[in-house]
Amino acid sequence: GLFVDGGDRRAKLSQFWMLLVLSATIAAGGVIGDATPAVIGAMIVAPLATPIYGVALATAVGAPKRLRAAFLLLTAGIAVNILIGVLVGLLATHRMPLDANPQIIGRTAPTVLDLIVAVATGIAGSFALTRRDVSNILAGVAIAISLVPVLAVVGTTFGAGPFHLARGAPILFPNNLDAITLAAPPLLPASRTR
């Protein structure tokens, strides 16, 4: 489900935090080391889709209590992602200069194309959640494409510098998050039947 308050809440939360820490570590290492396979792996593991779609669905159906819980989980998840990126950035200063790293440069100068991709991933993820014949994993990967590497860039640039790069990614992340959240509600109410 899209909310952690149903069923075994403790198991859901422990799974969320374990996967989040692992995906954030993999993403930060992949970004700072310019390792595309690692970044892709982090997208597959990342669990951020759960609270993002929880926020979108709770908003669409008018569930303020669930909206608050999903928003708090999302905010905490974002903070942990960035913190792990900062730590990796501080520890990996021997890597290539960040201002020459394509994984970082591509995520520090937001464009209209980034917004279009974020909207498309929001719709793709929502579609995956509403269809029984499409894996739920697709929804998580769709979200992770626009968010997980960006959060890794935010953290690693704050941790390792240069700080002028750290200004671009924090602009891209909320734009992507807003686009995904706004694109999701039209399809999500159907997922309540799953």
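The following exercises, each with a worked solution, concern a predicted model.

**Exercise 1.** Characterise the aromatic pair found by a search of the whole structure, and decide whether F16 is buried or exposed.

Solution. The search of the whole structure yields one aromatic pair, and its members are F16 and W17, whose rings lie 5.1 Å apart centre to centre with 85 degrees between the planes. Because an angle over 60 degrees counts as edge-to-face, the pair is assigned to that class. Turning to accessibility, F16 has a relative value of 4% and therefore counts as buried, since the cut-off for buried is under 20%. W17, by contrast, has a relative accessible area of 27% and is partly exposed.

**Exercise 2.** Locate P110 among the helices, and identify its contacts beyond the neighbours within four places in sequence.

Solution. Begin with the chain: P110 sits in the loop that runs between helix 5 (102-105) and helix 6 (112-130). At 33% relative accessibility, P110 is partly exposed. Once neighbours within four places in sequence are set aside, the contacts of P110 are G168, I171 and L172. For L172, which lies 62 residues from P110 along the chain, the C-alpha separation from P110 is 5.4 Å.

**Exercise 3.** Describe the largest nonpolar core and the residues with the most contacts inside it, then examine F173.

Solution. The largest nonpolar core comprises 40 residues, and L48, I52, L74, F173 and L177 have the most contacts inside it. At least two residues of this core come from each of several helices, including helix 1 (9-32), helix 4 (64-91), helix 7 (136-160) and helix 8 (169-183). With neighbours within four places in sequence left aside, F173 contacts I78, L147, V150 and L151.

Notes: Residues numbered from 1 in each chain as written. Predicted model: local features only at pLDDT ≥ 70, side-chain atom pairs only at ≥ 80, totals over all residues. Heavy atoms only, no water. Phe/Tyr/Trp six-rings, centres within 6.5 Å; stacked < 30°, edge-to-face > 60°. Buried < 20%, exposed > 50% of the residue type's maximum accessible area, 1.4 Å probe, protein only. Helix = DSSP H or I, 4+ residues; strand = E, 2+ residues; numbered from the N terminus. Contact = heavy atoms within 4.5 Å. Core = buried A, V, L, I, M, F, W, Y, C linked by side-chain atoms within 4.5 Å.
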